[in-house]
Amino acid sequence: MTPAEQVHLRILRIVEEEPQISQRQLAERLGASLGKTNYLLKALLEKGYIKAGSFLRAEDKLKYAYLLTPEGIRARLRLTRDYLARKEEEYVAMKVEIEGMRAELAAQDDQG
């Protein structure tokens, strides 16, 4: 999974949970600049993964809501599966490395 796919997954998950999140709030959650967040949202809009709807608030200001499209839901599921598979592979590799280190320490303890 590329870094771009990882951040797309994070955005899709956040937007699914909080559709009325502002770009500024999303930027804060991502730890990214507002400009980068806008760029990332535009990429997801262009891919058809999310759509932006607007509605009026009490002060007659426009407020946006970001909604996952059916394609966006499928993308989130695919990205989640890919991410999980990668993390499971890392877990297995880490477990093997830890077992090897423990065996090495045990062998050194037996010698000393």
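**Exercise 1.** Locate serine 22 among the helices and determine whether serine 22 counts as buried, partly exposed or exposed.

*Solution.* Serine 22 is found in the loop that lies between α1 (3-17) and α2 (23-30), where helices are DSSP runs of H or I with at least four residues, numbered from the N terminus. The model is a predicted one, in which local features need pLDDT of at least 70, side-chain atom pairs count only at pLDDT 80 or more, and totals for chains, interfaces and linings use all residues. Residues are numbered from 1 along each chain as its sequence is written, and side-chain values use heavy atoms, with hydrogens and water left out. Because its relative accessibility is 25%, serine 22 counts as partly exposed, the class between buried (under 20% relative accessible area) and exposed (over 50%), with a 1.4 Å probe and protein chains only. In space, its C-alpha lies 8.0 Å from that of alanine 65, although the two are 43 residues apart in sequence.

**Exercise 2.** Compare the expected and actual span of helix α3 (residues 34-47), and then say which residues of α3 are buried.

*Solution.* The expected span is 1.5 Å times one less than the number of residues, so the 14 residues of α3 should span 20 Å, which agrees with the 20 Å between its end C-alpha atoms. The buried residues of α3 are Thr37, Leu40, Leu41, Ala43 and Leu44. They lie on the same side of α3 because they cover an arc of only 155° around the axis, taken from the directions from the helix axis to the C-beta atoms. Gly35, Tyr39 and Glu46, on the other side of α3, are exposed. After α3 comes glycine 48, with a positive phi near 85°.

Notes. Helix = DSSP H or I, 4+ residues; strand = E, 2+ residues; numbered from the N terminus.
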